[in-house]
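Me: Before I use this model, I would like to go through the terms applied to it and ask what each one rests on.

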Protein chains: 2
Amino acid sequence: MYRPEIKVIDCTIRDGGLMNKSRFSIDLVRKVYKAVCDSGVDIVELGYRNSKEMFSVKEYGAWRFCDEENLRKVTEGIKTKDTKTKIAIMQDSHKAVAEDILPKKDSVVDVIRVATYVKDIDKAIKLANNATEKGYEATINIMSISQTIEWELDEALQQIENETKVMAVYIVDSFGALYSDDINFYVDKYKKFLKTKEIGVHAHNHQQLGFANTITGIIRGANYLDGTLYGFGRAAGNCPLELLVSFLKNPKFNIMPLLKVIGKDILPLTKEITWGYSIPYMITGILNLHPKIAMELMDLPDDSKEKYDYLDFYKKITADEIE
Amino acid sequence: MYRPEIKVIDCTIRDGGLMNKSRFSIDLVRKVYKAVCDSGVDIVELGYRNSKEMFSVKEYGAWRFCDEENLRKVTEGIKTKDTKTKIAIMQDSHKAVAEDILPKKDSVVDVIRVATYVKDIDKAIKLANNATEKGYEATINIMSISQTIEWELDEALQQIENETKVMAVYIVDSFGALYSDDINFYVDKYKKFLKTKEIGVHAHNHQQLGFANTITGIIRGANYLDGTLYGFGRAAGNCPLELLVSFLKNPKFNIMPLLKVIGKDILPLTKEITWGYSIPYMITGILNLHPKIAMELMDLPDDSKEKYDYLDFYKKITADEIE
C-alpha cells in the first residue's frame with residue numbers, strides 16, 4: 001500500500017506517557033525522536049501540553065507539559081532527513097488552555113493535536129482555532145468514539161468542517177472496541193461530513209486489532225495513521241509503528257532505526273511498565289468500556305488472589321444491573 | 001456475526017505443543033478439554049497422531065502421538081454439552097501413517113485433520129481418504145500458503161475437490177505473513193475450486209493479524225475457524241480463541257469457561273514458554289519466512305548480546321544474497 005497522501009504519526013512518548021505519568025528522561029525521548037526522524041516517519045508527538053493548573057508538576061513528568069525548553073533539549077543537534085519529521089504535541093480539550101501555546105515563530109512545534117470527547121467539541125474547536133491562528137497545523141482527535149451518540153457525533157463533525165482549518169480529524173478507538181466493519185462505518189461517516197479535511201485513525205489493541213483496524217482505515221481512505229514503537233501506549237497499547245511502516249510500501253520509510261530503538265530503549269521499559277494484550281484489557285474491549293478498571297486489576301501485586309481470576313473480574317463487570 | 005454453518009476449532013494443545021514438544025500433563029489437557037467443551041466450541045484438537053518412527057517417544061510428549069488410551073484419560077467422566085464438542089487429532093502428511101488410525105468405532109476421535117505442504121498433497125489425500133474410509137470426518141490444512149506457487153496450489157485444490165470427501169480445506173498462514181487482501185485472495189481462490197467443501201482459516205500472529213485475518217476470512221465466507229486459548233501456539237501464536245468466541249454472536253458459545261482456564265492454567269505456562277508478538281517473529285512475518293530462525297534468537301539467554309539486537313538480526317536475514 002503506497003499513497004503519497006498518507007502521513008504516519010509516532011505517538012510513543014505521548015500515549016506511552018499515560019502509563020507512567022509522562023515521566024521519561026530527556027535521553028530516552030531524544031532516542032525515540034532520533035529513531036523516528038531517521039525512519040522517515042512524518043510526525044512525532046512528544047507529549048501533551050496540558051495545563052499546570054490541572055496536572056501537578058510534582059506528580060507528572062515533563063512530557064505532560066512539553067515546555068519549549070524541554071522540547072529543545074530533545075531536538076537540539078539531531079538532524080532530520082530531507083523529509084523533515086514534524087513535531088507534534090497534544091492538548092486535551094478539557095485539560096488545556098489556549099494561552100500555553102506560543103506563536104509558531106517562537107516554538108519548535110509544528111502540529112497541535114487536540115484530543116476531545118464529543119461533548120467538549122466546542123472547547124476543542126476553540127483550541128484548534130487558537131493553534132491554526134498562531135501558525136500551527138492542527139488536528140482534532142475524537143476520543144471514545146465507540147461510546148458516542150450518533151447525532152451528536154454528526155453535529156460535531158459538521159461543526160469541525162464549518163468552523164476550523166484543521167488538517168485531519170481522527171477516529172480514536174480509546175477502548176479497543178471496534179471491529180473492521182465499525183472502522184468502515186466511521187470512515188464513511190467522516191467522509192460524508194468532512195469535505196476539506198483528512199481522516200485519521202488512532203487504534204488501541206485491546207482485541208489485538210490495533211494494526212488491523214489501521215489497515216482497514218487505510219483501505220477505506222484514512223490518511224493520518226497513528227502508531228507507537230512496539231505498541232507502547234495506554235493499557236493494551238496501540239498500533240505498532242514497526243508493523244505499520246512495514247505494511248506501507250512508501251520507499252521513504254526505513255524500518256531499521258525503529259527496530260534498533262525498540263530493542264535497546266523501548267523493550268527495557270517493559271521491566272517497569274506492562275502494556276499489550278492481556279485478558280483484563282480484552283474484557284473491557286469486548287464490553288466497550290474504559291480500560292481503567294482493567295488497569296487497576298493489572299496493577300495488583302502478582303501474588304494477589306484476584307489478579308488472575310479473570311472469570312471473577314468478568315462476572316463483576318457484567319453483573320452491574322443498570323436500567 | 002452469527003452464521004449457523006460456522007465451526008470453531010480449539011487447537012491449543014496441538015499448536016501449543018509445537019512450543020514444548022507436546023509435553024503436557026494429562027491434568028492440563030483435561031482442564032483445557034473441559035473448558036472448551038463447556039464453552040460450546042465445536043471441535044477440540046488434542047494433538048498430533050504422528051508416527052513413532054518419525055518422532056522419538058523419549059523426546060516428545062504424549063500429545064505428539066495421541067494414543068487412544070491417553071485420549072480416554074482426558075475425556076473420561078467429562079460431560080459435554082448438548083452441542084457435543086467433537087475431538088480432533090492432526091496428522092502431518094509427511095510424518096504420519098495411515099495404519100495409526102483405528103476404525104472409528106474403536107476411537108474417541110471424531111475428526112482427523114491432515115496438515116500438508118502443497119508438494120505433499122498426494123500423501124495428504126491418501127491420509128484424508130484413509131480417515132474418511134475408516135468413518136471419521138476429515139480436513140486438509142494447507143500450510144505455508146504464502147510460499148506456494150500459484151498453479152501448484154490450484155492443482156492441489158482441484159485434486160482435493162475431486163479425490164476426497166473432506167469437510168473443509170484450510171488456508172494456513174504458517175508464517176503470519178498475510179494481510180487482509182491476501183486472505184480475500186485465497187478465500188476467493190478456494191471458493192473457485194472447492195464447490196463441495198467448506199473453507200477454513202488457521203492464522204498466526206506474527207504481525208498481530210491472527211484474529212483480524214480470521215474475521216476477514218469469516219466475512220469472505222470461511223466457516224472453519226481455528227483459535228487457541230490466549231493465542232498459545234508456535235512462535236507468535238494463533239488467533240486467540242477468547243476473542244473469536246466473543247466476536248461470534250452465536251448464543252451457543254460461552255466465554256466464561258475460557259476466561260477461567262486461561263487465568264488458572266494457561267497463563268502459568270508463560271513462565272516456561274514464551275509465545276506471542278515479539279520483534280523477531282514480526283521480522284520473519286514481514287519477510288514471509290519460517291519463524292525457526294526467530295525462535296532460535298528468542299531461545300538465547302536473556303543476557304546474550306544478540307538477543308535484543310533486532311537491527312543486527314534484521315540485517316543478517318536480509319543480507320543473504322540469493323540469485
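Me: What share of the contacts in chain A with a separation of 6 or more comes from residues 24 or more positions apart?
Reply: In this predicted model, residues 24 or more positions apart account for 77% of the contacts in chain A with a separation of 6 or more, where a contact requires C-beta atoms within 7 Å.

Me: How do you know whether the size of chain A agrees with that of a compact globule?
Reply: The globule rule is 2.2 Å times the number of residues to the power 0.38, and for 323 residues this gives a radius of gyration near 20 Å; chain A has 19 Å, and therefore agrees with the rule. Along its principal axes, the C-alpha trace of chain A spans about 55 × 45 × 45 Å.

Me: What fraction of chain A is called buried, and what makes a residue count as such?
Reply: A residue is buried if 20 or more other C-beta atoms lie within 10 Å of its own, and buried residues make up 51% of the 323 residues in chain A.

Me: Which residues have the most contacts inside the largest nonpolar core?
Reply: That core has 203 residues, and those with the most contacts inside it are Leu46 and Val169 of chain A together with Leu46 and Val169 of chain B. Leaving aside residues up to four places away in sequence, Val169(B) touches, among others, Ile140(B), Ile142(B), Leu157(B), Ile160(B), Leu194(B) and Ile199(B). In soluble globular proteins, nonpolar side chains tend to be buried together.

Me: Why are the two copies said to be related as by a two-fold rotation axis?
Reply: A rotation of 180 degrees, with 0.0 Å of shift along its axis, superposes chain B on chain A with an RMSD of 0.0 Å, and the two copies are therefore related as by a two-fold rotation axis. The same surface serves both copies, since 100% of the contact residues of chain B recur in chain A.

Me: What makes up the side of chain B that touches chain A?
Reply: The contact takes 27 residues from chain B and 27 residues from chain A. On the chain B side, the elements giving two or more residues include α7 (210-220), α8 (241-247) and α12 (310-319), while the largest share, 5 residues, comes from α9(B). By class, this side of chain B has 19 nonpolar, 5 polar and 3 charged residues.

Me: Where do the two domains of chain A lie, and how many residues of each are in contact?
Reply: Domain 1 of chain A covers 7-271 and domain 2 covers 279-319, with their C-alpha centres 27 Å apart. Between them, 10 residues of domain 1 are in contact with 11 residues of domain 2, and the domain 1 side divides into 4 nonpolar, 5 polar and 1 charged.

Note on methods. Residues numbered from 1 in each chain as written. Chains lettered and ligands numbered in written order. Predicted model: local features only at pLDDT ≥ 70, side-chain atom pairs only at ≥ 80, totals over all residues. Domains from an automatic or database assignment. Nonpolar A, V, L, I, M, F, W, Y, C, P; charged D, E, K, R; others polar. Least-squares fit on C-alpha atoms with pLDDT ≥ 70 in both. Helix = DSSP H or I, 4+ residues; strand = E, 2+ residues; numbered from the N terminus. Core = buried A, V, L, I, M, F, W, Y, C linked by C-beta atoms within 7 Å. Buried ≥ 20, exposed ≤ 12 C-beta atoms within 10 Å, placed from the backbone.
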